[in-house]
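Here are my notes for you, written as a colleague would scribble them. Keep the model open next to the text and look up each residue as you go.

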Amino acid sequence: LEIALRHSLERGEMSLAFQPVVDARAEGIVSFEALLRWNSAEHGFVSPAKFIPLAEDTRLIVPIGEWVLRQACAEAMNWPDHTRVAVNVSGEQLLDPNFASVVVSALSSTGLPARRLEIEVTESIFLRDDTASTATLERIIDLGCSVALDDFGTGYSSLGYLRRVQFSTIKVDRSFVQGACAGNRESLAIIRAVVAMAQSLEMSTTAEGVETAEEAALIRDLGCTKIQGYYFGRPMPANEAVALFRRNRAAGAAA
Ligand code: C2E
Ligand code: CA
Ligand code: CA
């Protein structure tokens, strides 16, 4: 698998899927998260849960992640001007001394304004050389990009992390959303606490993995500002994401 992964970019086996993130109240699309897809000639479709950890262990995530960033910025240029693109970035990428210049280059070569790029990181970046990682994130924030804290609640969830980087968004992990909707009191209490904390830190909250109308309603009542999940859209190929805007515009014109 590692050998196949090493050749995946040059063989054109990688692509990006885009999943909409909507405003919890108006339900309009505020951004798309870029999610990497690998269709290997030898192994067929390989799940990101399998190949991303392998790419991280082998540091292949550095060139692959650069490709993702450039591709995602280029694609976002086809969307309305207020729509952002979120790109997942691994700890290995942040430790690469070139990372900030790769971001600058991806923005300048595509013409994407920095405010339209959001970087998603998990708190695992704080477990290693966090001074280098936080310095890189600060440079990226200085460029005008935003940074989201992904999968919140699944790791150490140390509140100290929230002081270290000026996150714009906390993404509440799907397990809490599912738990809350199943009537689990602890999950409900945790979502409420995260929402309250984010509000006082002037950060927004995105609930991940919302699959039904009931879940969307509950999440909205709990005060999450943004929603992502199959209910509002599965990860889709780039052309379908563009078609979604066209359809919305046509519906808006007809109304
Ligand atoms: P993530 O960043 O937490 O991305 C969200 C994952 O949840 C995606 O899985 C998405 O397809 C899935 N998802 C979204 N809505 C729903 C829902 O309503 N129900 C359920 N059951 N699942 C939902 P995916 O695409 O398989 O990606 C898995 C993980 O792989 C991502 O988790 C992220 O950590 C990593 N990943 C994906 N693309 C990249 C990338 O370009 N770079 C890096 N470093 N990691 C990536
Ligand atoms: Ca993510
Ligand atoms: Ca997540």
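The points below go through the pockets, the metal sites, the other ligand, a cavity and one arginine.

1. First, a word of caution: this is a predicted model. Please keep that in mind with every distance and volume below.

2. Let's start with the largest pocket, which holds about 1,100 Å³ of space. Its lining counts 39 residues, and the ones closest to the centre are Glu-33, Leu-35, Pro-48, Asn-88 and Asp-150. Remember Glu-33, Asn-88 and Asp-150, as they come back in the points on calcium. Many parts of the chain have a share in this lining: strands E2 (29-40), E4 (84-88), E5 (117-121) and E6 (146-152) each give two or more residues, and so do helices H2 (48-57), H3 (61-76) and H4 (91-95). What is the mix of nonpolar, polar and charged residues in the lining of the largest pocket? You'll find 15 nonpolar, 12 polar and 12 charged ones.

3. Now look at the calcium ion that is ligand 2. Which residues coordinate it? Glu-33 (OE), Asn-88 (OD1), Glu-120 (OE) and Asp-150 (OD) do, at 2.2 to 2.3 Å. If you like to read such a site as a pattern along the chain, the donors are spaced E-x54-N-x31-E-x29-D. Distant parts of the chain are linked here: Glu-33 sits in strand E2 and Asp-150 in strand E6, 117 residues apart.

4. Glu-33 deserves a closer look. Is Glu-33 buried or exposed? Its relative accessibility is 4%, and since the cut-off for buried is under 20%, Glu-33 counts as buried. Its side chain also makes polar contacts with two other side chains: that of Asn-88 at 2.8 Å and that of Gln-228 at 2.7 Å. Asn-88 is a fellow donor to the calcium ion (ligand 2).

5. The other calcium ion is ligand 3. Its donors are Asp-150 (OD), Asp-151 (OD) and Glu-208, which is listed with OE twice, at 2.2 to 2.5 Å. In sequence, the spacing reads D-D-x56-E. Again distant parts of the chain are linked: Asp-150 is in strand E6, while Glu-208, 58 residues apart from it, is in the loop between strand E8 (204-207) and helix H10 (213-222). Both of these residues are buried.

6. Did you notice a residue named in both calcium sites? Asp-150 bridges the calcium ion (ligand 2) and the calcium ion (ligand 3), and the two ions lie 4.1 Å apart. With a relative accessible area of 8%, Asp-150 is buried.

7. Next comes ligand 1. How many residues surround ligand 1? There are 21, and the closest are Gln-19, Arg-37, Ser-90, Glu-211 and Tyr-230. A few distances are worth checking on screen. A polar side-chain atom of Gln-19 is 3.0 Å from a nitrogen atom of the ligand. For Arg-37, a polar side-chain atom lies 2.8 Å from an oxygen atom of ligand 1. Asn-88 turns up here too, with a polar side-chain atom 3.1 Å from an oxygen atom of ligand 1.

8. The second largest pocket has about 160 Å³ of space. Its lining is made by Pro-20, Val-22, Glu-27, Gly-28, Ile-29, Phe-232, Leu-244 and Asn-248. Strand E1 (14-23) and helix H11 (238-254) are the elements that give two or more residues to it. By class, that makes 5 nonpolar, 2 polar and 1 charged.

9. There is also a cavity to find: a search of the whole structure turns up 1 of 30 Å³ or more, and its space is about 50 Å³. Among the residues that line it are Val-21, Ser-31, Glu-118, Glu-120, Ala-148 and Gln-228. Strands E5, E7 (169-172) and E9 (226-228) each supply at least two residues of this lining. The lining has 2 nonpolar, 4 polar and 4 charged residues. Two of its names should ring a bell: Glu-120 is a donor to the calcium ion (ligand 2), and Gln-228 is a polar contact partner of Glu-33.

10. Last, find Arg-116 in the loop between helix H5 (99-110) and E5. Is Arg-116 buried or exposed? Its relative accessible area is 3%, so it is buried. Between the C-alpha atoms of Arg-116 and Arg-246 there are 19 Å, and along the chain the two are 130 residues apart.

How values were computed:
Residues numbered from 1 in each chain as written. Chains lettered and ligands numbered in written order. Predicted model: local features only at pLDDT ≥ 70, side-chain atom pairs only at ≥ 80, totals over all residues. Heavy atoms only, no water. 1 Å grid on protein atoms, 1.4 Å probe; cavity = no way out; pocket = protein on both sides within 12 Å on 5 of 7 lines; lining within 4 Å. Points joined across faces, edges and corners; volume = space filled by probe spheres on them. Helix = DSSP H or I, 4+ residues; strand = E, 2+ residues; numbered from the N terminus. Nonpolar A, V, L, I, M, F, W, Y, C, P; charged D, E, K, R; others polar. Donors = N, O, S within 2.8 Å, 3.2 Å for Na, K, Ca; no water. Buried < 20%, exposed > 50% of the residue type's maximum accessible area, 1.4 Å probe, protein only. Near = heavy atom within 4 Å. Polar contact = N/O pair within 3.5 Å; in protein donor to acceptor, adjacent residues only side chain to side chain.
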